[in-house]
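Work through these exercises with the model on screen. Try each task before reading its solution.

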2 protein chains.
Amino acid sequence: MRLTIFTDYTLRVLIYLGARQPEGGLATIGDVAIAYGISENHLTKIVHHLARQGYVETTRGKGSGMQLARAPETINIGEVVRSAETDLAVVECFEPGNFDCPIAPECELRRVLGRALNAFLGVLDGQTLADLLKPRARLVRIFRDAAKRRTRFTRIRRAAASVGRTRS
Amino acid sequence: MRLTIFTDYTLRVLIYLGARQPEGGLATIGDVAIAYGISENHLTKIVHHLARQGYVETTRGKGSGMQLARAPETINIGEVVRSAETDLAVVECFEPGNFDCPIAPECELRRVLGRALNAFLGVLDGQTLADLLKPRARLVRIFRDAAKRRTRFTRIRRAAASVGRTRS
């Protein structure tokens, strides 16, 4: 029983942007990719989704980037998960219009699983992005260190490439 | 976020066997397949799992079949789900030994999702198979009707095949 990678990364983008604000300025998809060591390809669709849902605002052109569109206290984690997770059908009879299981109309299991799912989402409904940002100073340090490591790695790679060009 | 088909069918087999007892006698995998309209292939592994976990006892040879090995009141649904669902890692950092996400040590989200998963399982921990069998009379009727429909269908198919043989 897993949340999709899409939902997982959606939450991670919000945590990154929340930790970066207010003084960190606009962030790029590249910044988030470096911070978590994940692919930019994955993130493009996620940022688009977050912008469409009104959680993130993006700026185009020179100095382009993104930032939270709302205060972290107003971003409810249960709502974010519901908007990102397309499949909250814990079992197939939860799918709208799926009546394949003959006991569905009498099924206590279905009701119990519905209560369990509500309990899961209920915990998330009690949390905002601000709650996830409580260890903010430590998160900022982790993200900064990841960016530094990445910059060092890029410099070493460029230097190696330049040595290669000189020799050839 | 879904339970696996394996877990879903595991619970359905237990409901079938519980509804059938005590007067229904031993059941076969074919009976369960007919009752739910699902494939016998799926069910073989599930019955093996349930027997290994001590929920079901199987008898071989003439009059072979299976039945619950324990009273429905002693079969806890949370335990059944934990034993059937191999992947309860809601996000990847829940996997033992997976430390890929750099913020894992400071991650409030991880803790919140852990609490949400516990809330989900907590609801199931409060239920036994006996609770799922409360509408037992109606379940028995549904299963009996499914078996009747299946018998009628088999008769019609045999009759059609016999007409085909007579003509050829």
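**Exercise 1. Place A33(B): which helix holds A33(B), and is the residue buried or exposed?**

Solution.
- Step 1. A33(B) sits in helix 2 (residues 29-36) of chain B. Helices (H or I, at least four residues) and strands (E, at least two) are DSSP runs, numbered from the N terminus.
- Step 2. The relative accessible area of A33(B) is 7%, so the residue is buried. Buried means under 20% relative accessible area, exposed over 50%, and partly exposed in between (1.4 Å probe, protein chains only).
- Step 3. Leaving out residues up to four places away in sequence, A33(B) touches I38(B), S39(B), E40(B) and L43(B). Contact means heavy atoms within 4.5 Å.
- Step 4. Now look along the chain. C93(B) is 60 residues from A33(B), and their C-alpha atoms are separated by 37 Å.

Before going on, note how the values arise. This is a predicted model, in which local features need pLDDT of at least 70, side-chain atom pairs count only at pLDDT 80 or more, and totals for chains, interfaces and linings use all residues. Residues are numbered from 1 along each chain as its sequence is written, chains are lettered from A and ligands numbered from 1 in the order in which they are written, and side-chain values use heavy atoms, with hydrogens and water left out.

**Exercise 2. Find how chain B can be laid on chain A.**

Solution.
- Step 1. Turn chain B by 180 degrees, with a shift of 0.0 Å along the axis; the RMSD to chain A is then 0.1 Å. The two copies are thus related as by a two-fold rotation axis. The fit is by least squares on the C-alpha atoms of residues with pLDDT of at least 70 in both copies.
- Step 2. Check the interface. Of the interface residues of chain B, 100% are also interface residues in chain A, so the copies meet through the same surface.

**Exercise 3. How many salt bridges does the structure hold? Trace some of them.**

Solution.
- Step 1. Over all chains there are 16 salt bridges. Each is a side-chain nitrogen of Lys or Arg within 4 Å of a carboxyl oxygen of Asp or Glu.
- Step 2. Take D125(A) and R82(A). Their closest N and O atoms are 2.7 Å apart. D125(A) lies in helix 5 (residues 108-125) of chain A and R82(A) in helix 4 (residues 77-84) of chain A, so the pair ties together parts 43 residues apart in sequence. D125(A) is partly exposed at 32% relative accessibility. R82(A) is partly exposed too, at 38%.
- Step 3. Cross between chains. R138(B) bridges to E106(A), with 2.5 Å between the closest N and O atoms. R138(B) belongs to helix 7 (residues 136-167) of chain B, and E106(A) to the loop between helix 4 and helix 5 of chain A, so this pair joins two chains. R138(B) is partly exposed at 40%, whereas E106(A) is buried at 18%.
- Step 4. Stay inside one helix. E108(B) and R111(B) form a salt bridge with closest N and O atoms 3.3 Å apart. They are 3 residues apart in helix 5 (residues 108-125) of chain B, about one helical turn.
- Step 5. End with a network: salt bridges link D8(A), R12(A) and E92(B).

**Exercise 4. Where is N76(A), and what does its side chain reach?**

Solution.
- Step 1. N76(A) is in the loop between strand 2 (65-68) and helix 4 of chain A. With a relative accessible area of 15%, N76(A) is buried.
- Step 2. The N76(A) side chain reaches the backbone oxygen of D125(A) at 2.7 Å. A polar atom of that side chain also lies 2.8 Å from the backbone nitrogen of G78(A).
- Step 3. Residues touched by N76(A), beyond four places in sequence, are L124(A), D125(A), Q127(A) and T128(A).

**Exercise 5. Follow the hairpin in chain B.**

Solution.
- Step 1. Strand 1 (residues 56-59) and strand 2 (residues 65-68) of chain B pair in the antiparallel sense over 4 bridges. Pairing requires at least two DSSP bridges between the strands.
- Step 2. T58(B) stands opposite M66(B) in strand 2.
- Step 3. The hairpin has 5 residues between the strands, and G61(B) takes a positive phi near 80 degrees.

Methods. A polar contact is a pair of N or O atoms within 3.5 Å; within protein, one must be able to donate a hydrogen and the other to accept it, and residues adjacent in sequence count only if both atoms are side-chain atoms.
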